[in-house]
Amino acid sequence: MRLLVLGGTHFVGRAVVEEAVRRGDEVTIVNRGRSPLPPGTAGAGVETLVADRTDREALRAALDGREWDAVVDTWSGAPKVVAEACGLLDGRVGHYGYVSSRSVHSWPIPPGADESAQVVESDPDSEAADDYAEAKRGGELAVLRVFGERALLARAGLVIGPYENIGRLPWWLRRVERGGRVLAPGRPGRPLQYIDARDIAIWMLGAAQRGVGGAFNTVSHPGHATMGELLDEIIRVTGSDAELVWTPAEVIEEAGIAAWTELPVWLPEGGEEDGLHDGDVSAAHEAGLVCRPLRETVVDTWEWLKVEGDPALRADRPSVGLDPAKEAKVLDGLT
């Protein structure tokens with residue numbers, strides 16, 4: 001395909017570009033030119049157009065006179081930016097893939113919810129980006145308004161894997177690498193639902209080539225792995241002497257430790273967050289989504305960290321990770 005990627009140098013965008021190169025697609029990326037091309041694309045003939053997409057006229061100039069078979073857009077900010085890109089690409093792109101989020105659903109997301117669950121109200125022309133759910137839903141509406149059935153809305157859940165600039169899996173890898181007693185949250189059998197960014201990329205590009213449109217919960221089946229399997233695999237991969245100390249959820253709550261941010265990936269069971277690890281993903285899997293084994297994700301993320309070092313984390317997302325002193329205090333109380 002002739003593929004346009006808006007962004008293309010970080011996390012999911014980088015995974016899309018590298019997968020497109022592997023497939024033999026003709027790839028053009030548009031970004032501000034502040035980040036180098038990913039190492040995996042060096043010498044692969046990827047074309048770079050330099051423009052700040054928040055500047056409509058600059059984006060117009062960069063895209064002028066060009067056509068592509070498909071575009072992939074990972075934007076998470078103001079919906080108006082997506083709307084303007086869609087307007088400029090109307091009639092010049094056959095398929096528009098937008099990396100959205102299951103967060104577009106109204107909170108709390110019910111366990112077992114599929115794509116038909118209620119979504120938040122939003123405006124495709126909004127210039128606001130402070131509410132993540134509304135921003136992503138606004139982006140969806142902007143794409144649908146122009147591309148209709150030719151729009152693919154990939155509603156990702158928890159995304160991990162190489163190139164992650166949120167910091168969830170990298171934090172666990174670095175924490176376990178340090179060794180010693182590690183506060184392991186909840187119970188080992190807690191089911192997880194997540195996706196490797198590279199699996200989003202593979203699926204979205206295949207869907208674009210087949211002309212698949214619509215909204216899809218793009219994540220693994222619930223229980224694709226468990227919290228215990230994740231941490232055990234991290235110990236194995238890092239070669240650490242870490243000792244996992246499984247700590248009841250109520251102890252974590254009493255200590256004022258926040259799930260998801262201070263203890264990334266993990267959420268307590270039985271609360272309003274249950275739907276985040278228990279979504280109905282049958283539609284995406286019936287449409288060809290395949291999620292790789294946990295071991296591959298952990299191994300490859302660790303290798304990436306060792307080669308490229310810890311990434312600069314996104315400033316627009318909450319910081320993650322547990323303060324060592326706070327962790328030690330809880331662990332001391334368990335002895």
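Trainee: Leaving aside its neighbours within four places in sequence, which residues is Arg 190 in contact with?

Mentor: This is a predicted model. In it, Arg 190 is in contact with Ala 225, Thr 226, Met 227, Trp 266, Leu 267, Pro 268, Glu 269, Asp 274 and His 277. Each of these has heavy atoms within 4.5 Å of Arg 190, and that is what contact means. Arg 190 itself sits in the loop between β8 (181-185) and β9 (191-192).

Trainee: Why does Arg 190 count as buried?

Mentor: Buried means under 20% relative accessible area. Arg 190 has 5% relative accessibility, so Arg 190 counts as buried.

Trainee: What makes Glu 115 buried or exposed?

Mentor: The relative accessible area of Glu 115 is 18%. The cut-off for buried is under 20%, so Glu 115 is buried. Glu 115 is also a loop residue, placed between β5 (93-101) and α4 (132-147).

Trainee: Which residues is Glu 115 in contact with, beyond four places in sequence?

Mentor: They are His 105, Arg 155, Ala 215, Phe 216, Asn 217, Asp 280 and Ala 283. Take Asp 280, which is 165 residues from Glu 115 along the chain. The C-alpha atoms of the two are separated by 7.9 Å.

Trainee: How many Å apart in space are Thr 247 and Gln 118?

Mentor: That pair is 34 Å apart, C-alpha to C-alpha, with their positions 129 residues apart in sequence.

Trainee: Why is Thr 247 called buried?

Mentor: Its relative accessible area is 0%, and the limit is under 20%, so Thr 247 is buried. Thr 247 belongs to strand β13 (residues 243-247). Outside its sequence neighbours, its contacts include Leu 183, Pro 185, Ile 252 and Val 330.

Trainee: What makes α6 a mostly covered helix?

Mentor: Eleven of its 14 residues are buried. Among them are Arg 198, Asp 199, Trp 203 and Met 204. The helix covers residues 197-210 and reaches 20 Å from its first C-alpha to its last, close to the 20 Å expected at 1.5 Å a residue.

Trainee: Which residue follows α6, and what is its phi?

Mentor: Gly 211 follows, and its phi is positive, near 75°.

Trainee: How many disulfides does a search of the whole structure find?

Mentor: Zero. A disulfide needs a pair of cysteine sulfur atoms within 2.5 Å. Two cysteines can still be placed by accessibility: Cys 86 is buried at 0%, and Cys 291 is buried at 16%. Both values fall under 20%, so both residues count as buried.

Trainee: What is the volume of the largest cavity, and why is it called a cavity?

Mentor: Its volume is about 30 Å³. A cavity is a set of points where a 1.4 Å probe fits but cannot get out, so this space takes that name. The structure holds one cavity of 30 Å³ or more.

Trainee: Which classes of residue make up the lining of the largest cavity?

Mentor: The lining has seven nonpolar residues, no polar and no charged ones. The lining residues are Leu 158, Ile 160, Leu 192, Tyr 194, Leu 230, Val 265 and Leu 294. Tyr counts as nonpolar here, so Tyr 194 falls in that class.

Trainee: What is known about the second largest pocket?

Mentor: Its volume is about 290 Å³. It is lined by 16 residues, and the closest to its centre are Thr 9, His 10, Arg 14, Trp 304 and Glu 308. Two or more lining residues come from each of α1 (11-23) and α10 (294-308). By class, its lining has nine nonpolar, five polar and two charged residues.

Note on methods
Residues are numbered from 1 along each chain as its sequence is written. This is a predicted model: local features need pLDDT of at least 70, side-chain atom pairs count only at pLDDT 80 or more; totals for chains, interfaces and linings use all residues. Side-chain values use heavy atoms; hydrogens and water are left out. Helices (H or I, at least four residues) and strands (E, at least two) are DSSP runs, numbered from the N terminus. The expected span of a helix is 1.5 Å times one less than its number of residues. Buried means under 20% relative accessible area, exposed over 50%, partly exposed in between (1.4 Å probe, protein chains only). On a 1 Å grid over the protein atoms alone, a cavity is a set of points where a 1.4 Å probe fits but cannot get out, and a pocket is an open set with protein on both sides within 12 Å along at least five of seven lines; lining residues have an atom within 4 Å of a point. Grid points are joined across faces, edges and corners, and a volume is the space filled by probe spheres set on the points.
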